[in-house]
Amino acid sequence: MNATDRTPADLLSSALAADPGRPLVTFYDDATGERVELSVATFANWVAKTANLLQDELSVEPGDRVALLLPAHWQTAVWLLACASVGVVADVAGDPAAADVVVSGPERESLEAARACRGPRIALALRPLGGRFPQPPEGFADYAVEVPGQGDRFVPYAPVDPEEPALIVAGREFTGAEVVERARAQAPELGLTGPGSRILSGLPYDTWEGLNTGLYGPLATGGSVVLCRNLDRLDDDALDKRVESERATVIAR
């Protein structure tokens, strides 16, 4: 990664320039049996489309707040980087009533909470391969319907300021620069020693530790993540087999 990278979006741009074909996020859901692997290029394409959705369709501006009521999931990772690309604040598990936009998963409690947002509401079905809702929740736009038609390249209307707020998680606010600096500084603690490092994470995304382990740390070091939802459903033998098959170099659970 480049020493000049100051925002999470910069980290993704550098990863794309360095090796677009390498795996970045491999996702498992052990409740459904889903597995999906996203290369840097594929992940960056989803980020670009989502950033265009935010900027052009939802009319967000730098400094606006997007509440993300989502679990640890590859699509959540996409939204985090899309927010960083536009310059809006990704508020993980934030108060929808205080947000300009809310993005909810399919769970009933999450959707009910999201209705407190007076701005646009987006719902994610979190189905395999990014599938649609059979019937979108009332009052929400279906992400899987809205995002495919967005542009494959993204250019922000205004440069993203790395010193402005970019992330809120567990009540703590971080600038884009702080996200990058902390991810780099804490990488050795996670066992991320540089390109080729591959961490398997079963941590939720509702803490800095979960986000850093499951996204920012690997991105900042040229590594990759095997992001596992419902990992507690695996017994030790199955976990060992996954670690071996995915060539994970470190485990966080």
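How do the residues of the lining of the largest pocket divide into nonpolar, polar and charged? The split is 12 nonpolar, 4 polar and 3 charged. Keep in mind that this is a predicted model, with everything below computed from its atoms.

## The largest pocket

Let's stay with that pocket for a moment. Its space comes to about 410 Å³. In total, 19 residues line the largest pocket, and those nearest its centre are Ala9, Leu12, Ser13, Ser85 and Phe154.

Which elements give two or more residues to this lining? They are α1 (8–18), α2 (40–57) and α3. Helix α2 takes the largest share, supplying 6 residues.

## The second largest pocket

Next in line is a pocket with a volume of about 280 Å³. It has 18 lining residues, and Pro71, Ala72, Leu203, Pro204 and Tyr205 sit nearest the centre. Strands β3 (65–69) and β11 each put at least two residues into the lining of this second largest pocket.

Sorted by class, the lining of the second largest pocket holds 12 nonpolar, 2 polar and 4 charged residues.

## One closed cavity

How many cavities of 30 Å³ or more turn up in a search of the whole structure? Just 1. The largest cavity has a volume of about 40 Å³, and its walls are made by Pro8, Leu80, Cys83, Ala84, Ala90, Ala166, Leu167, Val179 and Tyr216. Two elements, α3 and β8 (165–169), give two or more residues to that lining.

Helix α3 gives the most here, with 3 residues. As for chemistry, the lining of the largest cavity counts 9 nonpolar residues, with no polar and no charged ones.

## The sheet

Now for the strands. There is an open sheet of 5 strands with mixed pairing, and the order across it is β2-β1-β11-β10-β12. The edges belong to β2 (34–39) and β12 (250–252); each has a single partner strand, so one side of each is left without a neighbour in the sheet. From one strand to the next, the twist averages 15°.

Inside the sheet, β1 (residues 23–29) and β11 (residues 224–229) run parallel and are joined by 5 bridges. Which residue of β11 is the bridge partner of phenylalanine 27? That partner is leucine 227.

## Helices on the sheet

Helix α7 (residues 208–221) packs on the sheet, where it touches β1, β10 (198–201), β11 and β12. The direction of α7 makes about 170° with that of β11.

Helix α3 (residues 74–86) lies across β1, β2 and β11, and runs at about 30° to β2. This is the helix that also contributes to the lining of the largest pocket and gives 3 residues to the lining of the largest cavity.

## Glutamine 75

One residue of α3 deserves its own look: glutamine 75 has its place in that helix. Is glutamine 75 buried or exposed? Its relative accessible area is 2%, so glutamine 75 counts as buried, the cut-off for buried being under 20%.

What is glutamine 75 in contact with, leaving aside its neighbours within four places in sequence? The contacts are Trp46, Leu124, Leu126, Gly130 and Tyr143. Trp46 falls within the span of α2 (40–57), the helix with the largest share of the lining of the largest pocket.

Definitions and conventions: Residues numbered from 1 in each chain as written. Predicted model: local features only at pLDDT ≥ 70, side-chain atom pairs only at ≥ 80, totals over all residues. Heavy atoms only, no water. Pairing = 2+ DSSP bridges. Helix = DSSP H or I, 4+ residues; strand = E, 2+ residues; numbered from the N terminus. Axes fitted to C-alpha atoms, helices over the stretch in contact; angles between N-to-C directions. Contact = heavy atoms within 4.5 Å. 1 Å grid on protein atoms, 1.4 Å probe; cavity = no way out; pocket = protein on both sides within 12 Å on 5 of 7 lines; lining within 4 Å. Points joined across faces, edges and corners; volume = space filled by probe spheres on them. Nonpolar A, V, L, I, M, F, W, Y, C, P; charged D, E, K, R; others polar. Buried < 20%, exposed > 50% of the residue type's maximum accessible area, 1.4 Å probe, protein only.
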